[in-house]
Amino acid sequence: MSKLEANLIAILQRINELSQSNSSQVRLIAISKTKPVEDIVELYRAGQRHFGENYVDELEKKSNDNIILTECPEIRWHFVGHLQSNKINRVLTRVPNLDCIQTIDSLELADRLNNNLMKQSKTLNVLLQINTSNEDQKSGIDRKDFLSLYEHIKSNCTQLICQGLMTIGSIDNVKIDDDSDFQALVQCRKDLCEKYALPLNEIELSMGMSNDYERAIQAGSTIVRVGKGKINDADPAFRARFLEPKFEPESFVQSIASKSIGSTDLMNMKRRMHLIASEAKNELKQNVYRNHTKFIETAKEVSSLESEVYQLHSLLADEKQLLNTVKELLNVENKTESVEASDNDFWETLLHHCQSLGLVAANPERRLIHSGKLLEVKLENLPTKSQNKASTNAKLPASFVTHQCYGLLVTDHFIIAKSSNIRTATAYDVDQVLKLHQTSTNINNDRSTDHHKQMQSSAIQIINVKDDAIRNSFAIKHNLETLTLMCESAQSKKHWLEMFESALYPRQRRGSLLYTDSGLMSAPSNNNRSNVQQQPQQQQVFEEEFYSEDWITNTLENLIILLAERNFDEALNLILRARKYFQEFVAKHSQQSMPFVDEYIKGVQMKEQELCKLIEKEIQNICERGCSTNLLKHYYHHIQTLKQLGYVPKACDLFITIQLSLMKSTLKQTKLEELNVVFVENFANTFFTRLVDSYYEFVQIFKDQKSTFTKFIVWMSTEIEKLITILHNQQYISTKNFNFTMKNIDILLTKANEFSSKLIDVKFMFEEQLEQLLIQIISTQKDVIIDALRQRHRDEKWIPITLSTNERLEQLYFEFQELGLDSQTFLQPFITINNDVIQIHLAPSTLQFAKAYLTFSRDLFKIHYSLINQTIVEALVELIKLHLKYYERALQKLQNTNEKQLKYFIMKNVEFSLNHLFRHIDTLYKPKIGHSVKYFTKVYEKMSKLKEMATS
């Protein structure tokens with residue numbers, strides 16, 4: 001819908017609202033002066049038929065334009081400018097579809113028009129222009145002479161049909177909201193009707209233009225002339241005085257006071273000041289609007305820049321974290337290199353103090369892993385087997401002695417060196433050399449391979465000793481013997497265990513040796529001594545098999561780097577690969593207890609959770625700034641990542657978070673139109689388009705997870721509630737404008753029905769959300785109709801309606817046809833035409849109620865649904881019963897009188913109201929209201945009672 005068409009609808013709506021308030025029918029004349037032919041055609045297509053022109057030349061040119069003649073066959077032209085005598089023939093002969101000349105202001109002009117029309121055997125509608133403001137520069141006959149002009153036309157100008165009066169209000173009165181010009185024309189009509197015994201509704205009043213048509217309608221106008229132009233009659237020179245840099249208000253007031261004579265000058269000055277103030281106010285509003293618009297645009301740019309800065313900040317933070325990780329890795333490598341260098345120096349020192357280590361250091365492939373001072377622990381008082389059985393609660397304290405020694409852990413051996421000088425400990429002798437690994441050959445006969453597989457297993461077992469009588473200790477089992485060593489501190493013990501682990505199991509993840517063997521300090525029994533030997537060896541074989549590939553050993557380190565780099569795809573692939581690997585491994589060795597696998601799984605799961613938190617944080621940050629539809633694939637890729645990890649509920653929650661942000665940002669972009677119906681339609685289209693996209697996106701992502709549909713439906717219900725709340729708060733759905741509210745609700749329900757027929761039934765959600773609001777709106781509008789009904793019946797004189805022309809009758813037919821009726825069949829039984837006098841045997845209150853009742857029922861019929869069915873039926877029944885009640889009161893007043901003609905006329909209105917008006921509503925609603933039709937049936941029972949009252 002174009003802006004021009006929207007403006008037309010808005011003006012017609014405003015005219016309709018004002019005309020209902022004063023029970024008058026108002027026609028709009030669209031003034032097309034200086035406007036292109038295309039605008040006229042556009043308005044014609046929108047339903048406008050009457051157009052006005054001020055100049056004969058322009059009227060002649062436009063009325064004969066080929067486009068208008070082709071596209072606008074039913075156009076009606078009104079001439080509203082001053083008509084010169086030498087142009088009368090051109091207007092009457094060269095303007096097709098000329099409907100009316102509204103500016104007859106002299107006897108001479110009337111006679112010349114009449115003579116020309118007699119030659120052509122035509123008639124023409126005219127209006128008498130009255131100069132109600134008494135301005136010399138303005139055309140129009142004086143108020144005291146217009147009756148004689150009317151008498152002359154009525155008696156002598158048979159080709160002219162005088163339809164009424166016309167005036168142009170004073171510009172000064174327009175600026176100060178003075179209705180005196182309009183009231184003067186209303187008084188002229190009253191004088192005319194009283195003199196010639198004419199009904200007031202037969203005399204048209206053409207008054208009101210673009211800037212004052214609303215006040216003119218309120219004063220009683222039946223024709224308004226509206227164009228796009230705005231009256232702007234401010235004096236530039238006078239206004240410039242206020243813009244002078246040295247302007248002083250006090251001096252200006254004194255100057256005005258000294259020059260003004262009497263109140264007239266001061267009143268004129270007041271009007272000029274008021275005009276300037278009005279213009280300044282309008283300009284200020286425009287400037288505020290322009291500045292506000294620029295502010296909004298600037299705010300959007302600032303917001304966009306803030307978003308970019310925030311993204312840059314996030315990227316820099318990620319880069320910083322990545323660089324720190326790389327730095328740590330580099331530090332580890334540097335530390336390793338420095339340790340290797342220090343180890344070489346340390347070898348030289350040890351060789352200097354312990355000559356027997358020369359053979360150990362002679363192997364170039366042998367590398368020193370760790371060394372340090374230790375205490376060898378010798379146990380002297382161990383609990384015996386019989387003592388253990390005697391009491392489980394009592395423990396004998398173990399007594400022990402320690403000997404200082406020095407431990408050296410190399411790549412293939414663990415060496416214990418003892419001091420040859422106990423007091424100084426400056427020289428060491430090798431005491432024990434324990435081999436770390438033993439090599440065995442295993443021939444695999446169960447498989448198709450015939451090759452020998454060399455397997456390297458541990459020759460010793462390292463056990464963490466629980467802190468009790470001996471603290472910070474670990475034990476080494478070798479050839480059925482146990483060697484207990486005490487460290488200087490817990491940190492030193494931890495480091496020794498880690499170094500042993502790296503030497504014994506180079507492919508195993510560190511930490512498995514940090515668990516305490518609580519039974520170590522007890523003497524092993526003969527029954528479980530073999531298990532103690534077999535289980536560690538079997539665990540070692542499984543660990544080496546599990547960590548047989550490098551990527552398994554480095555899984556956690558790689559995940560740390562990938563998460564720091566925000567490389568979620570690679571992290572996901574690595575996690576899924578690790579899952580598959582350990583699941584297959586556990587299934588293969590399902591009968592075995594493998595704590596190292598549990599530790600591996602635990603570490604991977606921690607990184608899974610970290611990945612989920614990073615994705616959740618990123619999506620939430622994006623949604624806070626506003627989602628972009630251009631990045632939907634990126635957002636949904638993250639959702640798919642969570643879904644693949646098995647976090648389906650979390651993925652669904654984040655999907656809905658994205659939809660919330662998208663819906664909010666999309667609706668904000670809807671352009672605010674001047675006509676609220678256009679805005680609501682655009683708003684609803686945007687809402688449902690986003691809803692459709694969300695549905696298809698949801699189905700595409702979660703089609704295999706049926707349980708998530710409940711969350712999606714709850715989200716849709718919440719968004720529908722928000723939509724209705726927004727429209728209600730913005731007065732697009734309210735009790736103030738029933739007609740437009742019904743149109744807006746009809747738009748929503750129609751869109752919801754279209755959505756429901758193709759995808760998910762959301763119409764019931766709209767119906768539930770609108771139920772209470774609609775009940776309130778229907779009740780309010782019902783009260784408005786009742787108030788108008790009371791006023792009309794209070795002033796009712798029970799006189800038939802008389803129409804002066806067939807055009808007025810055709811207009812009445814058109815109005816009822818617009819309400820969905822076969823208007824001629826509906827009204828024909830009540831219309832008579834005698835000697836060109838058209839009479840409708842209905843009271844004005846009956847006709848006005850019929851229009852209001854039909855409009856009310858038509859609007860409700862469009863949005864009718866089961867939840868509000870009872871409310872609609874009750875409202876329709878209550879209105880018609882109240883209307884019949886007024887007929888009953890009128891008949892009661894005529895009881896025991898001989899006013900048979902008046903009683904007959906009232907019963908004519910009763911027959912129309914029941915057998916025509918209400919029966920039409922009954923027929924219309926019966927298929928929809930079901931059992932509620934019984935309420936309609938009871939209404940017809942009123943007819944017999946009213947007939948009885950009319951005959952008494």
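This report walks through a predicted model, from the whole chain down to single residues and helices.

## Ground rules

Residues are numbered from 1 along each chain as its sequence is written, and side-chain values use heavy atoms, with hydrogens and water left out. Because the model is predicted, local features need pLDDT of at least 70 and side-chain atom pairs count only at pLDDT 80 or more, while totals for chains, interfaces and linings use all residues.

## The whole chain

The chain has 952 residues, and 43% of them are buried. Buried means under 20% relative accessible area, exposed means over 50%, and partly exposed lies in between (1.4 Å probe, protein chains only). The secondary structure comes to 34 helices and 21 strands. These are DSSP runs numbered from the N terminus: helices (H or I) have at least four residues, strands (E) at least two. Contact means heavy atoms within 4.5 Å. Among contacts between residues at least 6 apart in sequence, 67% join residues at least 24 apart.

## Three residues

| Residue | Location | Relative accessible area |
|---|---|---|
| Lys33 | loop between strand E1 (27-31) and helix H2 (37-45) | 29%, partly exposed |
| Leu611 | helix H21 (residues 595-625) | 0%, buried |
| Lys722 | helix H25 (residues 709-729) | 41%, partly exposed |

Lys33 carries an annotation. An unreviewed UniProt entry places the feature "modified residue: N6-(pyridoxal phosphate)lysine" there. UniProt positions follow the numbering used here, feature names are shortened, and annotations may be inferred rather than shown by experiment. Leaving out residues up to four places away in sequence, Lys33 touches Gly52, Glu53, Asn54, Tyr55, Glu58 and Lys62.

Lys722 and Gln769 are 47 residues apart in sequence. Their C-alpha atoms are 9.8 Å apart in space.

## Helix H3

Helix H3 spans residues 56-63 and is mostly covered. Six of its eight residues are buried. They are Val56, Glu58, Leu59, Glu60, Lys62 and Ser63. Glu58 and Lys62 are also among the residues that Lys33 touches. The cover over the buried residues of H3 includes H2, strand E2 (50-53), helix H4 (66-71), strand E3 (76-79) and helix H5 (88-94).

## Helix H7

Which residues of helix H7 (residues 146-156) are buried? They are Phe146, Leu149, Tyr150, His152 and Ile153. Seen down the axis of H7, these buried residues fall within an arc of 160 degrees, so they line one face of the helix. The arc is that of the directions from the helix axis to the C-beta atoms. An α-helix has 3.6 residues a turn, so residues three or four places apart point the same way. The buried residues of H7 pack against strand E4 (98-104), helix H6 (107-120), strand E5 (124-129), strand E6 (160-166) and helix H9 (180-196).

## H19 against H21

The axes of helix H19 (residues 555-564) and H21 come within 10 Å and cross at roughly 5 degrees. Axes are lines fitted to C-alpha atoms, for helices over the stretch in contact, and angles run from 0 to 180 degrees between N-to-C directions. H19 and H21 are therefore roughly parallel, a term for angles under 35 degrees.

On the H19 side, the contact uses Thr555, Leu556, Leu559, Ile560 and Leu563. They meet Tyr600, Gly603, Val604, Lys607, Glu610, Leu611 and Leu614 in H21. The residues of this contact divide into eight nonpolar, two polar and two charged. Ala, Val, Leu, Ile, Met, Phe, Trp, Tyr, Cys and Pro count as nonpolar, Asp, Glu, Lys and Arg as charged, and the others, Gly among them, as polar.

Beyond its neighbours within four places in sequence, Leu611 is in contact with Leu563, Phe568, Leu572, Ile575, Thr641 and Leu645. Leu611 and Leu645 are 34 residues apart in sequence and 9.8 Å apart in space, C-alpha to C-alpha.

Methods. Parallel < 35°, antiparallel > 145°, perpendicular 65-115°, else oblique.
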